Amino acid sequence: MTITLYYAFPSRAVKVRWLLEELGVPYQLTRFDLAAGEHQTSAYRKIHPLAQVPALVDGPTTLFEAGAICVYLADRYRDIPLAPAIDAPDRAVYLQWVFFSIDSLETPFLDWVKTGNETSKDRFLASARVLDEVLGDRPYLLGDFSAADCLVGSPLGWARKMGRLDDVPQLLAYHRRLVARPASKRSRYD
Ligand SMILES: N[C@@H](CCC(=O)N[C@@H](CS)C(=O)NCC(=O)O)C(=O)O
């Protein structure tokens, strides 16, 4: 049964699409025009009670929250291993970056952009510096590419577009590496 990703471009659903492209798993998109309110239907609320994107249906599994969807997909489809196994030594650090991408990077960034809140700006920039230091000479967060890179890469893309990565050179180079990946390019067609 084909996976369905409930999707809008641009949105947080793009990171899930990117991961699906990396995994090489067949999927179909149900697209919404968020500005037109196409997602605000009672039918879609049965899939996602807040009527947001992304949501994913994979056979008997219906799931929302981009972070949870990415963790699920990387664990479920392992032909291309993009997550350390549950008993692997780097599993814990992988989960750390998964949660960091949302709580310490994306949330303060979006709040900063929407409200101009200085505390959120400081939180985002502090997180960006942490990533910059951790990356050092490493190509990806765990060394090899993983689902955590999709999750971190997405908010970094928004920040880069706004020139907010100019003072974190390692991070800028990392983001260039991420968007050069063929699967990342395919996920950004529209
Ligand atoms: N925490 C959720 C946030 C989902 C979310 O806010 N999605 C936005 C698009 S990026 C959305 O659907 N907005 C339309 C709306 O809330 O009506 C996740 O990471 O999946």
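**Ligand shell, sheet and helix α7**

In this predicted model, the residues surrounding the ligand are S11, R12, L34, A51, Q52, V53, P54, E65 and A66. By type, this shell consists of five nonpolar, two polar and two charged residues.

The sheet comes next. Four strands form an open sheet in the order β2-β1-β3-β4, and their pairing is mixed. The edge positions are taken by β2 (27-31) and β4 (61-64); each has a single partner strand, so one side of each lacks a neighbour in the sheet. On average, neighbouring strands are turned by 20° against each other, with direction ignored.

Strand β1, residues 3-7, runs parallel to β2, and five bridges join the two. Within this pair, Y7 lies opposite R31 of β2. Helix α1, made up of residues 13-23, packs on the sheet and touches β1, β2 and β3 (55-58). The direction of α1 makes an angle of about 150° with that of β1.

Further along the chain is helix α7, which spans residues 169-179. Which of its residues are buried? They are L171, Y174, H175 and L178. These buried residues cover an arc of only 100° around the axis, which means that they lie on the same side of α7. Their packing partners are α5 (118-135), α6 (147-161) and α8 (182-187). P169 and R176 are exposed, and they sit on the face of α7 that is turned away from its buried side. Helix α7 thus has a buried side that packs against α5, α6 and α8, and a face turned away from it that carries exposed residues.

Key:
Residues are numbered from 1 along each chain as its sequence is written. This is a predicted model: local features need pLDDT of at least 70, side-chain atom pairs count only at pLDDT 80 or more; totals for chains, interfaces and linings use all residues. A residue is near a molecule or strand if its C-beta atom, placed from the backbone, lies within 6 Å of it. Ala, Val, Leu, Ile, Met, Phe, Trp, Tyr, Cys and Pro count as nonpolar, Asp, Glu, Lys and Arg as charged, and the others, Gly among them, as polar. Two strands pair if DSSP finds at least two bridges between them. Axes are lines fitted to C-alpha atoms, for helices over the stretch in contact, and angles run from 0 to 180 degrees between N-to-C directions. Two residues are in contact if their C-beta atoms, placed from the backbone, lie within 7 Å. A residue is buried if 20 or more other C-beta atoms lie within 10 Å of its own, exposed if 12 or fewer, and partly exposed in between; C-beta atoms are placed from the backbone. The arc is that of the directions from the helix axis to the C-beta atoms.
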